[in-house]
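Me: I have a model open and would like to learn how to read it, one feature at a time. Could you walk me through it?

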Amino acid sequence: MKKTIAMIVAAASLAQACVTAATAADVMRTYQEPDVRGGVKIGFLTCDIGGGFGYVLGSAKEADCVFTSSAGQEISDHYTGDIRKLGIDLGFTTRSRLAWAVFAPTAGYHRGSLGGLYVGAAAEATLGAGVGANVLVGGTAGSIHLQPLSVTGQLGLNIAAAGASMTLTPA
């Protein structure tokens with residue numbers, strides 16, 4: 001009987017030690033370094049892109065953009081600029097609309113802080129109505145990230161796979 005009680009106490013002590021160790025290990029595993037590259041989502045940027053032709057090796061189109069903050073306040077900021085592509089760009093589009101989530105190193109937003117040059121890549125396919133994707137990073141000292149993939153909706157007849165750049169200037 002004494003051996004049975006001793007075995008139960010020993011098993012309970014061992015189980016308690018294992019639970020404590022597992023809990024400590026779980027706490028250690030759940031801590032992660034902040035993702036400095038991803039930053040904090042501060043809002044959305046939507047751009048109306050003017051129509052135009054792709055000239056085999058590239059194109060340039062005007063952009064009218066609005067930043068809307070996700071901070072709960074009705075902060076919006078207007079930008080003008082252009083989108084340039086260098087690569088295969090064949091066809092034409094009448095109009096386009098791009099939408100990006102905007103990430104910054106900190107949660108704050110200051111008017112005009114999205115101004116600057118963004119570079120990356122673009123791909124589009126349009127037959128009547130079409131879609132596209134853009135990957136652009138840049139802005140103030142390269143600190144602003146436009147969501148790794150934007151969504152483009154457009155009308156026209158076009159195919160493009162090119163390097164892309166976008167310049168934004170506060171309006």
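**Reading the cavity and its surroundings**

Reply: Happy to. Let's begin with the lining of the largest cavity, whose residues divide into three nonpolar, five polar and three charged. Keep in mind throughout that this is a predicted model.

Me: Good start. How many cavities of 30 Å³ or more does the structure hold, and how much space lies in the largest cavity?

Reply: A cavity is a space where a probe fits but cannot get out. Here the structure holds one cavity of 30 Å³ or more, and about 100 Å³ of space lies in the largest cavity.

Me: Which residues line the largest cavity?

Reply: The lining is made up of Ile49, Ser59, Lys61, Ile83, Lys85, Ser96, Leu98, Glu124, Asn134, Thr152 and Gln154. You can select those in your viewer and colour them by class: three are nonpolar, five polar and three charged.

Me: Which strands supply at least two residues of that lining?

Reply: Strand S1 (40-69), strand S2 (76-104), strand S3 (116-138) and strand S5 (151-170) each do so. With four residues, S2 gives the most to the lining.

Me: Let me step back to the fold. What does the secondary structure of the protein chain come to?

Reply: The idea is to list the elements, then read them in order. This protein chain has one helix and five strands, and along the sequence they follow the pattern α-β-β-β-β-β.

Me: In which sense do S1 and S2 pair, parallel or antiparallel?

Reply: Strand pairing is read from the bridges. S1 and S2 pair in the antiparallel sense, over 26 bridges. To see one position in that pairing, find Glu62, which stands opposite Asp82 in S2.

Me: Over how many bridges do S2 and strand S4 pair?

Reply: Over two bridges, again in the antiparallel sense, with S4 covering residues 144-146. For a landmark there, look at Val102, whose bridge partner in S4 is Leu146.

Me: Now burial. Is Ile83 buried or exposed?

Reply: Relative accessible area is the quantity to check, and under 20% means buried. Ile83 lies in strand S2 and has a relative accessible area of 9%, so it is buried. Ile83 is also one of the residues that line the largest cavity.

Me: Which residues is Ile83 in contact with, leaving aside its neighbours within four places in sequence?

Reply: Ile83 is in contact with Ile49, Ser59, Ala60, Lys61, Leu98, Ser165 and Met166. Among the cavity-lining residues you will find Ile49, Ser59, Lys61 and Leu98 too. A separation in space is another way to read the fold: the C-alpha atoms of Ile83 and Tyr118 are separated by 9.3 Å, although they are 35 residues apart along the chain.

Me: And Leu127, is it buried or exposed?

Reply: Exposed means over 50%. Leu127 has a relative accessible area of 71%, so it is exposed. Leu127 is found in strand S3. Not counting residues up to four places away in sequence, Leu127 touches Gly156 and Leu157. Its C-alpha atom is separated by 8.7 Å from that of Ile159, 32 residues apart along the chain.

Me: What about loops? Where does Arg111 lie?

Reply: Arg111 lies in the loop between S2 and S3, and at 57% relative accessibility it counts as exposed. With residues up to four places away left out, Arg111 touches Ile75, Ser76 and Asp77. From C-alpha to C-alpha, Arg111 and Ser76 are 8.6 Å apart in space, and 35 residues apart in sequence. His110 lies in that loop between S2 and S3 too, and is exposed, with a relative accessible area of 61%. His110 and Asp77 are 9.4 Å apart, C-alpha to C-alpha, and 33 residues apart in sequence.

Me: Last one: what share of the residues of the protein chain counts as buried?

Reply: Of its 171 residues, 32% count as buried. The accessible surface comes to about 10200 Å², and 69% of that belongs to carbon and sulfur atoms. Among contacts with a separation of 6 or more, residues 24 or more positions apart account for 72%.

Conventions. Residues are numbered from 1 along each chain as its sequence is written. This is a predicted model: local features need pLDDT of at least 70, side-chain atom pairs count only at pLDDT 80 or more; totals for chains, interfaces and linings use all residues. Side-chain values use heavy atoms; hydrogens and water are left out. Buried means under 20% relative accessible area, exposed over 50%, partly exposed in between (1.4 Å probe, protein chains only). Contact means heavy atoms within 4.5 Å. Accessible areas come from the Shrake-Rupley method with a 1.4 Å probe; for residues, only the protein chains shown count as cover. On a 1 Å grid over the protein atoms alone, a cavity is a set of points where a 1.4 Å probe fits but cannot get out, and a pocket is an open set with protein on both sides within 12 Å along at least five of seven lines; lining residues have an atom within 4 Å of a point. Grid points are joined across faces, edges and corners, and a volume is the space filled by probe spheres set on the points. Ala, Val, Leu, Ile, Met, Phe, Trp, Tyr, Cys and Pro count as nonpolar, Asp, Glu, Lys and Arg as charged, and the others, Gly among them, as polar. Two strands pair if DSSP finds at least two bridges between them.
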